[in-house]
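Subject: Handing over a structure, with notes

Hi there,

I am passing a structure on to you, with my notes on it. Please open it alongside this email and follow the residues as you read.

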Amino acid sequence: MSETDECSDENEKTHFRLPLVLIENEKVDEKKRPHEDNDSDQEEDLEVASPFGDGLPSPAEIKLKMKKSLLEFRCQVEDAILGNYLLGEPDHENVAPEEIAVAREQLRDISLWGVPLLPSKGHQGTDVVLRKFLKAKDFKVNDAFDMLQKTLLWRIKNNIDGILDEDLDPEFENAGFLCSRDREGRPVCYHVCGVFRDRHVYKKTFGTQHRCDLFLRWRIQLMEKAVKKLCFREGGADSIIQILDLKNTTMQGTKELNAVNKKALILCQNYYPELIHKNIVVYAPFWFYTSQVLVSRFMNQRNKKKFILARPQRVTQTLLKYIAPEHLPVEYGGLRRKNDEDFSLADKVLEHKIRGNVVSTVEFPIHEPGVTVMWDVTVVGWDVSYKEEFIPDDEGSYTILLQNQSIVGESTRNSFYISEPGRIVITIENWTYKKRKMFYRSKTRTTVPMFILLS
């Protein structure tokens, strides 16, 4: 793909090497639920952007103008499809009338992200898609139509509709993956830049311009995979969350990676409007903080709301605001593991709050022997002393210490065969003055002891 054709900004503005973000360092109100910051809250966005005038309109005026803009946009798209000029004015002089008629019929079935664009077809997702283009252009109909037209032409020119069938380098998959959903059902896409710390891997990935273009196309393919998981219906999950993991990245020697990140960002801005709910940057090095503080003032309010920079000590807390612990991977402090055969997303996760400077316990009582009990535990922030033990109901039996250590970072998992009634007791010693949250789950399965099988 040509950088001039596909990756230049529509407004010819200067772009920076990495996405601009907000630094999240304020205290989080635990009572605020993630759905309160919903991407579909157009009234709030319009009040910030003020696209309808200098004064702040009332909510009723906002809704009326939004409906008026959507109706006008629907009519414009309908006329463009039926008039055969949605993809540009056709050349009637050099094209036979029969070919024009065929093209006109094909255009009536044109779709974007699997949603028909002809409003008269009555598809539930048409208004949802059109509204995204309107919102990206502050509900200016002509600008939204121009953006829609450029998006369709770009997709046709680069065969984006067929990109999912392409077999790109499988090694790219180490740099990004889709994993589960957030609390509102949105797909979550992870971009892991730390894999390129190995200079051999970096050179193999970005050694030539062809390899850079191939990696960019893989990024687009990953975006298309995420779009396939969206639901373009009223009230559906019609946007995604992206996690940009900068752990172990360096400032020097990553010019090609920064260039690809810039191109990918511009492509998302130009051709995937309002499909990104949040961009959360985690484990950012110090140089990244400095650069973003200097340039963040160039962002408008809407884009600032989409980018969040989670400080290293608050990565898990920030991600748990949007992603439930059973959906969050263990490397980010959650409970989800790859190819997990012991627990599933259906297994209920409980929350236990630990006050500062206290010793707190959680128990799993087991009344029937002959089972193996398994448990998953993570403490947000850790920095605590952690102990696991089995205490039998029979006072004449011995207590068995299973684990006793200080754990930092990822979650812990353990299991124990129960040969007599008792309980698994987990003890958390929090000697700091900060409150901690513990998430845990457990289950049992009937087990035949090995000595019986051997006999």
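Below is what turned up, going from the whole chain to single places.

Please keep in mind that this is a predicted model.

**The whole chain**

The chain contains 13 helices and 16 strands. Of its 455 residues, 47% are buried. Looking at contacts with a separation of 6 or more, 77% are between residues 24 or more positions apart. The chain exposes about 23900 Å², and 49% of that comes from carbon and sulfur atoms.

**Helix 5 and what comes after it**

A good place to begin is helix 5, which runs over residues 126-136 and has nine of its eleven residues buried. Among the buried ones are V128, L130, K132 and F133. Just after this helix, D138 takes a positive phi of about 55 degrees.

Two residues of helix 5 come up again around D238. That residue sits in the loop between helix 8 (209-228) and strand 6 (240-245). Is D238 buried or exposed? It counts as buried, because its relative accessibility is 17%, and the cut-off for buried is under 20%. Beyond its neighbours within four places in sequence, D238 is in contact with V128, K132, L230, C231, F232, E274 and L275. As for L275, it is 37 residues from D238 in sequence, while their C-alpha atoms are 6.8 Å apart in space.

**Helix 6: a surface patch and a buried pair**

Helix 6 covers residues 141-157 and includes I156. With a relative accessibility of 53%, I156 counts as exposed. Together with L87 and L153, I156 makes a nonpolar surface patch of about 240 Å².

R155 tells another story. At 5% relative accessibility, R155 counts as buried, and E224 is buried too, at 6%. Their side chains meet in a salt bridge, 3.0 Å from N to O. This pair links distant parts of the chain, with R155 in helix 6, E224 in helix 8 and their positions 69 residues apart.

In the loop between helix 6 and strand 4 (176-181) you will find N159. N159 is not a glycine, yet it has a positive phi of about 50 degrees. It is partly exposed, with a relative accessible area of 45%. Y283 also has a positive phi without being a glycine, at about 55 degrees; its place is in the loop between strand 7 (276-282) and helix 10 (286-295).

**More salt bridges**

How many salt bridges does the structure hold? There are 22. As a general point, side chains of opposite charge can pair when their charged atoms come close.

One of these bridges joins D169 and R211, whose closest N and O atoms are 2.9 Å apart. D169 is in the loop between helix 6 and strand 4 and R211 is in helix 8, so the bridge ties together parts 42 residues apart in sequence. D169 is buried at 16% relative accessibility, and R211 is buried at 17%.

Another joins R413 to D340, with the closest N and O atoms 2.8 Å apart. R413 is in strand 14 (residues 412-418), and D340 is in the loop between helix 12 (315-322) and strand 9 (350-354), 73 residues away in sequence. R413 is partly exposed, with a relative accessible area of 23%, and D340 is partly exposed at 23% as well. The two belong to one network of salt bridges with shared partners, made up of R337, D340, D342, D376, R413, R441 and R445.

**Space inside**

Rolling a probe the size of a water molecule over the atoms shows where empty space is left. A search of the whole structure finds three cavities of 30 Å³ or more. The second largest cavity holds about 100 Å³ of space.

Which elements give two or more residues to its lining? They are strand 5 (187-192), helix 8 and helix 9 (255-271). Helix 8 gives the most, with four residues. The full lining consists of C189, H191, R219, I220, L222, M223, Q242, A264, L267, C268 and Y272.

If you would like a route through the structure, helix 8 is a handy guide: it holds E224 of the pair with R155, it holds R211 of the pair with D169, and it gives the most to the lining of the second largest cavity.

Enjoy exploring, and all the best!

Technical notes. Residues numbered from 1 in each chain as written. Predicted model: local features only at pLDDT ≥ 70, side-chain atom pairs only at ≥ 80, totals over all residues. Heavy atoms only, no water. Buried < 20%, exposed > 50% of the residue type's maximum accessible area, 1.4 Å probe, protein only. Contact = heavy atoms within 4.5 Å. Areas by Shrake-Rupley, 256 points an atom, 1.4 Å probe, with all protein chains shown as cover. Patch = residues over 30% accessible without salt bridge, like charges linked within 9 Å, V, L, I, M, F, W, Y side chains within 5 Å. Salt bridge = Lys/Arg side-chain N within 4 Å of Asp/Glu carboxyl O. 1 Å grid on protein atoms, 1.4 Å probe; cavity = no way out; pocket = protein on both sides within 12 Å on 5 of 7 lines; lining within 4 Å. Points joined across faces, edges and corners; volume = space filled by probe spheres on them.
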